[in-house]
Amino acid sequence: MDATRLLFVLRTSITSKSLLQGKLIHQKMVILGLQDNIALCKNLINFYFACQYCDYAKLVFRRIGNPLDISLWNGLMATYTKNHMHIEALELFNRLWQYPYLKPDNFTYPSVLKACGVLGRDSYGRLLHAHLIKSGFVFDIVVASSLVGLYAKCNLFECVVQLFDEMPDRDVASWNTVISCYYQCGKAEKALEVFGKMRESGFEPNSVTLTTAISSCARLFDLERGKEIHREIIKNGMVLDGFVNSALVDMYGKCGCLDLAKDIFEQMPTKNVVAWNSMILGCSSIGDSKGCIELFKRMHVEGTKPNLTTLSIILIACSRAAQIQYGRFMHGYLIRNNIETDIFVNSGLIDLYFRCGKVQSAENVFKMLRRANLVCWNVMITGYVWMGNYFEALALYDDMKVASVKPDAVTFSTILSACSQLGALEKGKEIHNRVTETGLETNEIVMGSLLDMYAKCGAVDEAINIFNKLPERDIVSWTSMLTAYGSHGRALEALRLFGEMQQSNAKPDAITFLAVLSACSHAGLVDKGFYYFNQMTTKYGINPRIEHYSCLIDLLGRAGRLREAYSILKSTPEITEDFGLLSTLFSACQLQKDLELGEEIAKLLMNKHSDDSSTYITLSNMYASVKKWDDMRSIRLKMKELRLKKNPGCSWIEIDKRIEPFFVRDGSHPEVEMVHNCLAILSTHMEKDDMLPS
């Protein structure tokens, strides 16, 4: 049997992957002394790689007496990179230089450059780049394109663009690399611009090009350009593969055209997991958690295994819609199938349970994590704050330090909002010190949260200090500072600051005006309050909300102009029967001792909410203040008939950077006896000094 016949049979063995037949041919080569035949050796190497016998392939190469044919080296290097054996490819390239009569050619470098890119060896790649310039191979289109690919894989995007611009000739692969680079850098608009230039240059885009271009349209929510690319594909009669179809489904879904996304999805002969994820994401974007679950079940029936991205998308949809039933179904699926979850699935589960008000379930998920990462800690703290469980949020923040988890900007901004709500100034200062230690004093979000915390805790001077340090002042920081001044009796300074804000580029919004009106209310500046209320509606075109009217009524109430406030209520249809505004005016009636108007408003409040105990208690107190004991007893009896009880008052005190909460008649504190003894001693001293409240 001659070499030609052996070569034919060997190539047949590669196709059939018949290991026995290949080994027999190898044996025959050795017997006939053909083990140095280059063509046979190249095919034998390919055969062993096809059968996953890489070590045998290496032995074939090493046994060649004088491997002085560069194509043999090129073939093995290409096979190495094709089989993800990139280190072996580079080692073979380095060994090549030991043979001075062998010179790498334009078929050698693409494999070497690909291996460098995958391994992230940009420094070695730069050395190769210099060598390619000297040897002239940089002008070979395939070599240059491979060099562009290397820089792209090493995230050296500036080098990619520079090299691409210097290329005298380009191929589709090099265009694709540049377009993908712009897309990965978040420059989708630039990616589409290069895509347009590629078409103008006469290059026919392939599947990779179209997938990236359509994904760029999706990122920009540019439906028209996406449709234009889709029309071009249909016009040119291109056969769409799974990647392009998936990109189209994703683009139409994100742009709100779910029907078009469904049409493409249903026409796909084979649906990969990316296509399913895109379709599920489309349903998720419109809050259709039920549709997500139905697709998930169908996905399972049609034999496509969901990945972690699928699961996290569905959990996000359930979380947004607060669908605990579907969320628990997904959680059960994870447990039943013993799925190893990732950061996105874990945080999605925790967020879902918090949004559905299931705090205990969220805590259970968190406790089950082997080692919770920062994201999960942040989601837990955010969940507690969102639910109003501020004490638990602070306790968890302290646990982070014990667990040696370093907080980030999200942690600080969230936990500072808990301090704001509790008025926990000392704890807030401690967190401020930690912010300084971690070098986040230049972070605008964290600094804004610090400003808000100091403002709400009454530390106006500290708030001013933070405000003056801000590199840029947005509407939130201006509003926080206005609130700080206004709520702590410095109304004139608040109005001066508002004047500065109006002169700056910041445009006040409804919340800003709420802070201004509140400042006027606290200081009793009635005319100023009306002036800014009218300015809000006429100059800035902001429609007043319930909160603005509440400030206005409170302002008039504090000034004793109750009838005027009541007139505004009755003459404004959208607020006439608002319970909150009526309650505000009712409190003002108690303050101003206007029993006649108070009785009238109390009737309205009782008709609207007969089970609200605060109305009865306030009216009872008003009767008591003017010694109308019979009327007071009548109201108290009415409360008894309706079984209404006053909710126990709750407060807290900050001692040694710890928050201690307590309720009226609360005996649960471990040191309650000592507290009561202290109060008794204080009461005795106050009685002696005639300081007890009347």
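This section describes annotated repeats, side-chain contacts, backbone geometry and surface features in a predicted model.

The UniProt record, an unreviewed entry, places the feature "repeat: PPR" at residues 171-205, 272-306, 373-407, 408-442 and 474-508. In the span 373-407, the C-alpha atoms at the two ends are 10 Å apart, and the content is 77% helix and 0% strand. For residues 408-442 the end C-alpha atoms lie 13 Å apart, with 77% helix and 0% strand. A network of salt bridges links Asp 398, Lys 401, Lys 427 and Glu 430.

Another helical element is α3, which covers residues 38-50 and contains Leu 44. With a relative accessible area of 0%, Leu 44 is buried. The C-alpha atom of Leu 44 is separated by 9.4 Å from that of Tyr 56, and the two residues are twelve positions apart along the chain.

Salt bridges number 24 in the structure. One of them joins Lys 190 to Glu 193, with 3.2 Å between the closest N and O atoms. Both residues belong to helix α12 (residues 188-200), where a spacing of three residues corresponds to about one turn of the helix. Lys 190 is partly exposed, at a relative accessible area of 31%, and Glu 193 is likewise partly exposed, at 37%. A further salt bridge connects the side chains of Asp 554 and Arg 558, with an N to O distance of 2.8 Å. These partners lie four residues apart in helix α33 (residues 546-558), again about one turn of the helix. Asp 554 has 23% relative accessibility and counts as partly exposed; Arg 558, at 41%, is also partly exposed. Arg 561 and Glu 564 form a salt bridge in which the closest N and O atoms are 2.8 Å apart. In this pair, Arg 561 is partly exposed at 31% relative accessibility, and Glu 564 is partly exposed at 32%.

Aromatic contacts were examined next. A search of the whole structure yields 17 aromatic pairs. In one of these, the ring centres of Phe 93 and Trp 97 are 5.6 Å apart and the planes meet at 85°, so the arrangement is edge-to-face. Phe 93 is buried, with a relative accessible area of 1%, whereas Trp 97 is partly exposed, with 42%. Phe 296 and Tyr 333 also form an edge-to-face pair, with a distance of 4.9 Å from centre to centre and an angle of 85° between the planes. This contact links distant parts of the chain, since Phe 296 lies in helix α18 (residues 289-301) and Tyr 333 in helix α20 (residues 324-336), 37 residues apart. Both partners are buried: Phe 296 has a relative accessible area of 4%, and Tyr 333 has one of 12%. Elsewhere, ring pairs connect Phe 498, Phe 513, Tyr 531, Tyr 532 and Tyr 540 into a cluster.

The cysteines were considered with respect to covalent cross-links. A disulfide is a covalent bond between the sulfur atoms of two cysteines. With a cut-off of 2.5 Å between the sulfur atoms, the count of disulfides is zero. The cysteine sulfur closest to that of Cys 154 belongs to Cys 116 and is 7.8 Å away, which is too far for a bond. Cys 154 counts as buried, because its relative accessibility is 15% and the limit for this class is under 20%. Cys 356 is in no disulfide either, the nearest cysteine sulfur being that of Cys 318, at 8.2 Å. Cys 356 is also buried, at 18% relative accessibility.

Backbone geometry was also considered. Most residues other than glycine have a negative phi. Asn 338, although not a glycine, has a positive phi of about 50°. This residue lies in the loop between α20 and α21 (343-355) and is exposed, at 68% relative accessibility. Lys 627, likewise not a glycine, has a positive phi of about 60°. Lys 627 is located in the loop between α37 (613-625) and α38 (629-641), and with 61% relative accessibility this residue counts as exposed.

Finally, Met 674, Val 675, Leu 679, Leu 682 and Met 686 make a nonpolar surface patch of about 430 Å². Of these residues, Leu 682 lies in helix α39, which spans residues 672-688.

Note on methods. Residues are numbered from 1 along each chain as its sequence is written. This is a predicted model: local features need pLDDT of at least 70, side-chain atom pairs count only at pLDDT 80 or more; totals for chains, interfaces and linings use all residues. Side-chain values use heavy atoms; hydrogens and water are left out. Patches are made of residues with over 30% relative accessible area and no salt bridge: like charges are joined within 9 Å, nonpolar side chains (Val, Leu, Ile, Met, Phe, Trp, Tyr) within 5 Å. Accessible areas come from the Shrake-Rupley method with a 1.4 Å probe; for residues, only the protein chains shown count as cover. A salt bridge is a side-chain nitrogen of Lys or Arg within 4 Å of a carboxyl oxygen of Asp or Glu. UniProt positions are given in the numbering used here, feature names are shortened, and annotations may be inferred rather than shown by experiment. Buried means under 20% relative accessible area, exposed over 50%, partly exposed in between (1.4 Å probe, protein chains only). Rings of Phe, Tyr and Trp (its six-membered ring) pair if their centres lie within 6.5 Å; planes under 30 degrees apart count as stacked, over 60 as edge-to-face and the rest as tilted.
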